[in-house]
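Please walk me through this structure, taking the helices, the enclosed spaces and the charged pairs in turn. I am new to it and would like each step explained with care.

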Amino acid sequence: MPADVSAKAAFNLEQFAEARLEEGKDLDDLHMELSQQLTQVRRELHDLIDLRYEDFLGLSSSVSGIDTTINDIRQPLSALSTQISEVHTELASKLEKIDARIAYRQAVRDKRHMLRLFIDLSQLLDRVNAVLSEADQQLHAGDGVGALAEHLKSLERAAGEFSQVRYFIEKGGTLPFIIQATERMRAQEERLHAALDAFLASRIDEYVAALAAPSNGRQEAGGADVGLLAQCLRTYTTVGEYERAEALIRERLVRPMALETFGGQPGKGMGLDPAVLSSMFQTALEFIRCKGAPLVRGISSHLPGCAATLEAHVLWREISATILSELPLLFVPGMPDRFHQNYLSACGFVRQFSRLFDAADRHPDLLATEESYVEFHRKWQLSAYFSIRKKQLTDAIDSSDPSALDPAAVDRITEELGLSTQLGARAMWAIRRCWAEDVYLEPLASRFWQLTIQIILWYNHSASDALKLLIRSNTATEEGLTAVDQLLAHIHDIFALKQLCADHIGKLRPLLPTPAQALDTSSPAAVPSAALTDNLRGAIARAFEPSDDVATGAIEHISATIVAASCGNLASQLRRTTSQFRHTNRAAPKSPSAFVSKLFDELSAVELKISTSQPNTLAMLRAKVCLGISREMARVSAEALSTISKTEASLHRLRKTTNRASHLDHSNDLPVPSSVDLRGTMPASDNDKIRRQIWLDVAETGRIITDSLSAATHEDYEHLVQLIAPLGT
């Protein structure tokens, strides 16, 4: 902008505004630019005043006429602003008119589209109606395969057109003509369904009749009729009614056989004879083998991928539904023996049913996930069956129901397994019954395992109570032990039953589910097959731990009783030895006393009652008895030798003799004074003869224990042997 604003020739407002409008700037931009220029001019003016102060003083005279110039500028700008407002208003009005025309055009286009939709829908409905009429004419034109094929092609064409009709109606919304078209569509839908149902039903009936008459040469599925069936199913799929076709096949093909086979049974299946049920299943399998499976294979050859659905949704669903409705009490274990056989028969039927449809395109899990299949298996009241079996077994072993336990069976088990008590035989009978072929069911493996552990725990408790009662009542008498036979019998059965149960685990392995699951042994997680048997044996061992402890305590009690009976008169025997050599002038002894060998008579008598199949019990009892006898021999012998030493010391003080005894250390209270050494000499004094005899008896006791009985002696005995070594030969 020129610095000398008074020079009008240097600035043209109209040209300035036009130039800015051509650049695309509006009034706001122009106002901003002029404001910036004004600020710049004022800054330059201030600078100019500072530089030319004198000229500023004369400014009033030099700027005369500036108001006129400003007015000249303001007037064109105001006119320009008015023109811009008028243009903006005019443009807005024109834009509104354009928008209205565009909306009108869109409405026309939508109406044209809906008109086209109505025309197309009307034509489609007419075509569907025409095709259905043509199909009816073809059906009545002839009965040959060709006429049927043309009839089905027309139905398939009508199904395709009908699918388009349904698409257009869904797209049309709720317009009045769409509602009218929907009513026409429903009428045509019913007509199409009726035609398809009639065709499918006639083909199924003809297929069944053909298989019933093998002479006509149409026994094998997969011919023209099956091809027409497959094409008909494809037509059902086109209109989204495949399940309707499945229901019709079930009704025409499977239901008559199922009702004839499983219907009309007295008692609704309660306690149904297993032979009768097995015959029913065989009849159903024969039907599937001869009619169902060939039909499925024939249709799948024309329509791949449908075999699995026909197997699960048609054949199995109808048969299982008929069984559930006609034999509802079959699944109730009122008669557990028959229930068991019927359940196994049903499982066998399911397995054979699946084998009839093994094919490359068969989905392995389709039948297992079929709702009717799951419901069929859920209906079997396995929990109630297990409760009945559990009560039978517990009542039998508790003897609350004597008729529940066959005495002959218990006797056979007792004789077969070499058990000694009725308690052990009943427990083993119950464990065997848990896994017997006529009791055990694979889905109940975990529960039967828990019941096995409960039976073992019951036996442990009962056997422990019996042992404790016998221990309390068992005493030593002059005739020997009382109730020892019963004690030994229970001890034998505890160890024998533990081993029998562990051995029985190996026989159970084939019965357990695959893949093997944890049977409440230590963890609920899956157990590897190789480790399952070891885990079960470990659970058995843990279950027997309480009875093992009680049995060990019983063995200790028997051994203590034997030791008490054997060593009860040991002190009197040693006193008799003293009297034999005191003032009798008898020769020095050279052999042990006769009573030493009799110390083990009680042990020998008890060992004869222990079976050879109990080597562990025998070894444990012998070891404890030998320890006890050697300990008692050491104690009594040490007391006798100490008495001799004390007697010598007392006599020495009284006699004040000067013989060898005066040189003895009589203050020594040991069983053998430190100055006494009889090795290599024959004892001369009575006391030395007594000492030699005691030494011989002690040595003989150790020899019998170590050599004859192959056992160990007590540490007190070993200590005494070292102490009395100077008394030996």
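E375 is partly exposed, because its relative accessible area is 27%, a value that falls between the limits of 20% for buried and 50% for exposed. The model in which this value was computed is a predicted one. The side chain of E375 meets that of R378 in a salt bridge, with N and O 2.6 Å apart. R378, at 55% relative accessibility, counts as exposed. The two residues lie three apart in helix 14, which covers residues 371-379, and so they are separated by about one helical turn. Side chains of opposite charge can pair when their charged atoms come close.

A second pair can be followed in helix 7, which covers residues 176-212. Here E206 and R203 are three residues apart, and therefore about one helical turn separates them. Their side chains form a salt bridge in which N and O are 2.6 Å apart. R203 is buried, since its relative accessibility is 8%, while E206, at 29%, counts as partly exposed.

A third pair belongs to helix 15, residues 382-398, where D395 and K391 are found four residues apart, about one turn of the helix. The closest N and O atoms of this salt bridge between D395 and K391 are 2.7 Å apart. D395 has a relative accessible area of 17% and is therefore buried, whereas K391, with 52% relative accessibility, counts as exposed. Salt bridges also link residues through shared partners, and in this way R250, R255 and E318 are joined into one network. The structure as a whole holds 25 salt bridges.

From the charged pairs we can turn to the enclosed spaces. How many cavities of 30 Å³ or more are there? The count comes to four, and the largest of the cavities holds about 60 Å³ of space. The residues that line this largest cavity are I249, L253, G292, L295, V296, I299, L310, V314 and L315. Sorted by class, the lining comprises eight nonpolar residues and one polar residue, with no charged residues. Helix 9 (242-262), helix 10 (274-302) and helix 11 (307-326) each contribute at least two residues to the lining of the largest cavity. Helix 10 gives the largest share of that lining, namely four residues.

Helix 10 also contains a proline, P294. With a relative accessibility of 10%, P294 falls under the 20% limit and so counts as buried. The C-alpha atoms of P294 and V226 are 9.6 Å apart in space, although the two residues are 68 apart in sequence.

The cysteines can be considered next. How many disulfides are counted in the model? The count is zero. Two cysteines can nevertheless be described by their accessibility: C290, at 36% relative accessibility, counts as partly exposed, while C347 is buried, because its relative accessible area is 17%.

Helix 6 offers a check on helix geometry. It runs over residues 145-172, and its 28 residues, at 1.5 Å a residue, should span 40 Å; the C-alpha atoms at its ends are 40 Å apart, so the two values agree. The residue that follows helix 6 is G173, which has a positive phi, near 80°.

Positive phi values also occur at residues that are not glycine. One of these is K268, whose phi is about 55°. K268 is located in the loop between helix 9 and helix 10, and at 43% relative accessibility it counts as partly exposed. Another is N585, which likewise is not a glycine and has a positive phi of about 55°. The position of N585 is in the loop between helix 22 (570-581) and helix 23 (595-598). N585 counts as exposed, because its relative accessibility is 71%.

Technical notes: Residues numbered from 1 in each chain as written. Predicted model: local features only at pLDDT ≥ 70, side-chain atom pairs only at ≥ 80, totals over all residues. Heavy atoms only, no water. 1 Å grid on protein atoms, 1.4 Å probe; cavity = no way out; pocket = protein on both sides within 12 Å on 5 of 7 lines; lining within 4 Å. Points joined across faces, edges and corners; volume = space filled by probe spheres on them. Nonpolar A, V, L, I, M, F, W, Y, C, P; charged D, E, K, R; others polar. Disulfide = S-S within 2.5 Å. Buried < 20%, exposed > 50% of the residue type's maximum accessible area, 1.4 Å probe, protein only. Salt bridge = Lys/Arg side-chain N within 4 Å of Asp/Glu carboxyl O. Expected span 1.5 Å × (residues − 1).
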